[in-house]
Amino acid sequence: MKIGIIGTGNIGANAARLFVRAGHEVALSNSRGVESLEPLVTELGEAAKAMTLQ
């Protein structure tokens, strides 16, 4: 399943971790921009992508 998460604070980041562990693809975005998501995306691996709201 493909899942999009808007907001990567504590709840969004932990939800993304759980979804990736369950085998889902996750697209993440936040108000600070794609660059700020790089550490989380690196942690999550190939199943995660940083995206913009557009």
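**Figure 1. Strand 1 and strand 2 run side by side in this predicted model.** Five bridges join strand 1 to strand 2, and the two run parallel. One residue to find here is I5, whose bridge partner in strand 2 is L28. Strands of a sheet pair through backbone hydrogen bonds, either parallel or antiparallel.

**Figure 2. Three strands make an open sheet.** The strand order is 1-2-3, and the pairing is parallel. Which strands lie at the edges? They are strand 1, residues 2–6, and strand 3, residues 48–50. Each of these edge strands pairs on one side only. Neighbouring strands are turned against each other by 20° on average, direction ignored. Helix 1, residues 10–21, packs on this sheet. Helix 1 touches strand 1 and strand 2. The direction of helix 1 makes about 170° with that of strand 1.

**Figure 3. Strand 1 has two faces, one covered and one uncovered.** Look for I3 and I5 on the covered face. K2, G4 and I6 belong to the uncovered face. In a regular strand the side chains alternate between the two faces of the sheet. Both residues of the covered face, I3 and I5, turn up again in the core of the next view.

**Figure 4. The largest nonpolar core has 12 residues.** Its members are I3, I5, A13, A16, V20, V26, L28, L37, L40, V41, L44 and A48. Which elements give two or more residues to this core? They are strand 1, helix 1, strand 2 and helix 2, the last being residues 38–44. Now zoom in on V20, one of the core residues. Leaving aside residues up to four places away in sequence, V20 touches V26, L44 and A47. V26 and L44 are also in the core list.

**Figure 5. S29 is a buried residue in strand 2.** Strand 2 covers residues 25–29. Is S29 buried or exposed? Its relative accessibility is 4%, so S29 counts as buried; the cut-off for buried is under 20%. What does S29 touch, not counting residues up to four places away in sequence? The list is I5, I6, G7, T8, L37, M51, T52 and L53. Among them, I5 and I6 lie within strand 1, residues 2–6.

**Figure 6. A15 in helix 1 is partly exposed.** The relative accessible area of A15 is 25%. Partly exposed means between the 20% and 50% limits, so A15 falls in that class. From A15, trace the chain to S31, 16 residues apart in sequence. In space, A15 and S31 are 18 Å apart, C-alpha to C-alpha.

**Figure 7. The chain has two helices and three strands.** Follow the sequence and the pattern reads β-α-β-α-β. The radius of gyration is 10 Å, close to the 10 Å that the globule rule gives for 54 residues, so the chain is as compact as a globular protein of that length. Along its principal axes, the C-alpha trace spans about 25 × 20 × 20 Å. Buried residues make up 30% of the 54 residues. Take the contacts between residues at least 6 apart in sequence: 23% of them join residues at least 24 apart.

**Figure 8. A UniProt annotation covers residues 2–52.** The unreviewed entry gives it as "domain: Pyrroline-5-carboxylate reductase catalytic N-terminal". This span is 37% helix and 25% strand. The C-alpha atoms at its ends lie 16 Å apart.

Definitions and conventions. Residues numbered from 1 in each chain as written. Predicted model: local features only at pLDDT ≥ 70, side-chain atom pairs only at ≥ 80, totals over all residues. Heavy atoms only, no water. Helix = DSSP H or I, 4+ residues; strand = E, 2+ residues; numbered from the N terminus. Buried < 20%, exposed > 50% of the residue type's maximum accessible area, 1.4 Å probe, protein only. Contact = heavy atoms within 4.5 Å. Pairing = 2+ DSSP bridges. Axes fitted to C-alpha atoms, helices over the stretch in contact; angles between N-to-C directions. Core = buried A, V, L, I, M, F, W, Y, C linked by side-chain atoms within 4.5 Å. UniProt positions renumbered as here; feature names shortened; annotations may be inferred. Rg over C-alpha atoms; globule rule 2.2 N^0.38 Å.
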